[in-house]
Amino acid sequence: MCGIVGIVDSGGVSLPIYYALYALQHRGQESAGITTYDAGKIHKHKAQGLLSEVFDQEILKKLTGRTGIGHIRYPTTGENRPENTQPLNFTLKGHYFSIVHNGNLVNNDVLVADYEEHGHIFATTTDSEVIAAIIARELTLSGSMEDAVVLCMRILQGSYSVIAMLDDTIYAFRDPLGIKPLTLGRTEHGYMVASESVAMDTLGATFMRDVKPGELIKIDEHGISCRQIMKANHTALCLFEYIYFARSDSVIDGVLVYDVRRRIGEQLQREAPVDAEMISPVPDSGMSIAVGYSEASGIPFKEGLIKNRYIGRTFIMPTQTLRENAVRMKLNPIRGHIQDKSVVLIDDSIVRGTTSRRIIDLMREFGAREVHFRVGSPPIRAPCYLGVDLPTRQELIAHNREHDDICSAIAADSLHYVSLEALIAATGHRPEDLCYGCLSGCYPVSIPGEHAACRHIDFVHGSYQTELQF
Ligand code: AMP
């Protein structure tokens, strides 16, 4: 869970990167950073905090140059430490090399141990540094960034959408399973890559397409070239991007997230109709799902809860007590809408169950007669090792709990989770092209301590190359 951006544009890049990161702020709120390259020098700034806390006009003015990369971080590997903020910046034989990464490597410990064995030292605890180490070693040996990415794709296991900047050139690549999103677009005088298409909309840039799983895109002042480095017999896009993580107005792997969520709502209504008086979302994540449920049922969509938009996501709170109080600070029921009403309340997911319980209690406190909870994902029963911040099995409310127990734990009048079949159908992707390890406990890559990878993957090296000039 992170947001990444890379832009080459002759009009300058610091402001466009800043705006693009703004559009991706939902992907991480812990830290932000930008590095630009300008005529043999790099300019960099990064710190912990929201983008608006980390950057101001003066700082952005100093980040001159036509090439740059940016990152916003939500930590999954590596603690919340200042040195883990990205971009990570290095010098290499007189060149500047910077890197940003969205994803999570599952063989990080093995790779780090191997590199340390050969005398390499690491300055951070984030898995992104090992990607930099692999690229640096290969660049030193062969001098070819393409060879370095081939090596990455051979030895990295896990999810990685990466943007690397070597002096004035940007290299972007996505792991062969395409677990995390990455999109490509055209700016006024150049090209850009970003985690989600909304970053392009914000800049008035043109969304071109998704970076393909296993593809390497090179952008420099002459234009763009694309090379398929590796191809797998299936992909494994994170299903949670569609359920919760991405913005509804993003298009991921050709599918508008809003449409997926609306279709989930329609399916939820077909699977578990309720004779209620209103359909209310838990804002914001339940919004488009509730629209679908309301359209399918003919029951009015009415907001029963209003969100204070200035409170961050509740998961940022490190302790259970803080998380519980945060719900009341964040969401306030509209008494006039819900009093004496039977309400279908719709959220995208239940993780620990804390939020759902607190919200349902609040709805009753403000007069709701019945609260029927409908959820846009199946029960989350297993952790994520590939980049979504989900807790251990023990903390997950659906782990080893029957449906009725969960319903009473959150104190709902009724509860229904959308079926996995309906959820997958709503995405329009083949089941084998999605990762839903958190729902099934079955992951597309081998995870230490979990069952062996559930699917067989064949990798082949790709060969075609396309070029586009500025
Ligand atoms: P809870 O069941 O109290 O743990 O929280 C569930 C709520 O957290 C749902 O409303 C989701 O929108 C939201 N949520 C789901 N997954 C995540 C995540 N990985 N990080 C932050 N929030 C999440």
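Me: How do the residues of the shell around the ligand divide into nonpolar, polar and charged?
Reply: This is a predicted model, where local features need pLDDT of at least 70, side-chain atom pairs count only at pLDDT 80 or more, and totals for chains, interfaces and linings use all residues. Residues are numbered from 1 along each chain as its sequence is written, and side-chain values use heavy atoms, leaving out hydrogens and water. With Gly counted as polar, the shell holds eight nonpolar, five polar and four charged residues.

Me: How many residues surround the ligand?
Reply: A residue belongs here if one of its heavy atoms lies within 4 Å of the ligand. Asp 347, Asp 348, Arg 352, Gly 353 and Thr 355 are the closest. The total is 17.

Me: Which residue has a polar backbone atom 2.8 Å from a nitrogen atom of the ligand?
Reply: Happily, there are several N or O pairs to look at here (cut-off within 3.5 Å). Tyr 244 places a polar side-chain atom 2.8 Å from a ligand nitrogen, while a backbone N or O atom of Val 351 lies 2.8 Å from a ligand oxygen. The backbone contact to a ligand nitrogen comes from Asp 389.

Me: What share of the ligand's exposed area does the protein bury?
Reply: Areas here use the Shrake-Rupley method with a 1.4 Å probe. Taken alone, the ligand exposes 510 Å². Of that, the protein buries 95%.

Me: Where does the largest nonpolar core lie?
Reply: This core of buried residues (under 20% relative accessible area), joined through side-chain atoms within 4.5 Å, has 51 residues, with Leu 239 and Ile 380 making the most contacts inside it. Both domains give residues to the core, so it lies between domain 1 (3-236) and domain 2 (258-428).

Conventions: Polar contact = N/O pair within 3.5 Å; in protein donor to acceptor, adjacent residues only side chain to side chain. Buried < 20%, exposed > 50% of the residue type's maximum accessible area, 1.4 Å probe, protein only. Domains from an automatic or database assignment.
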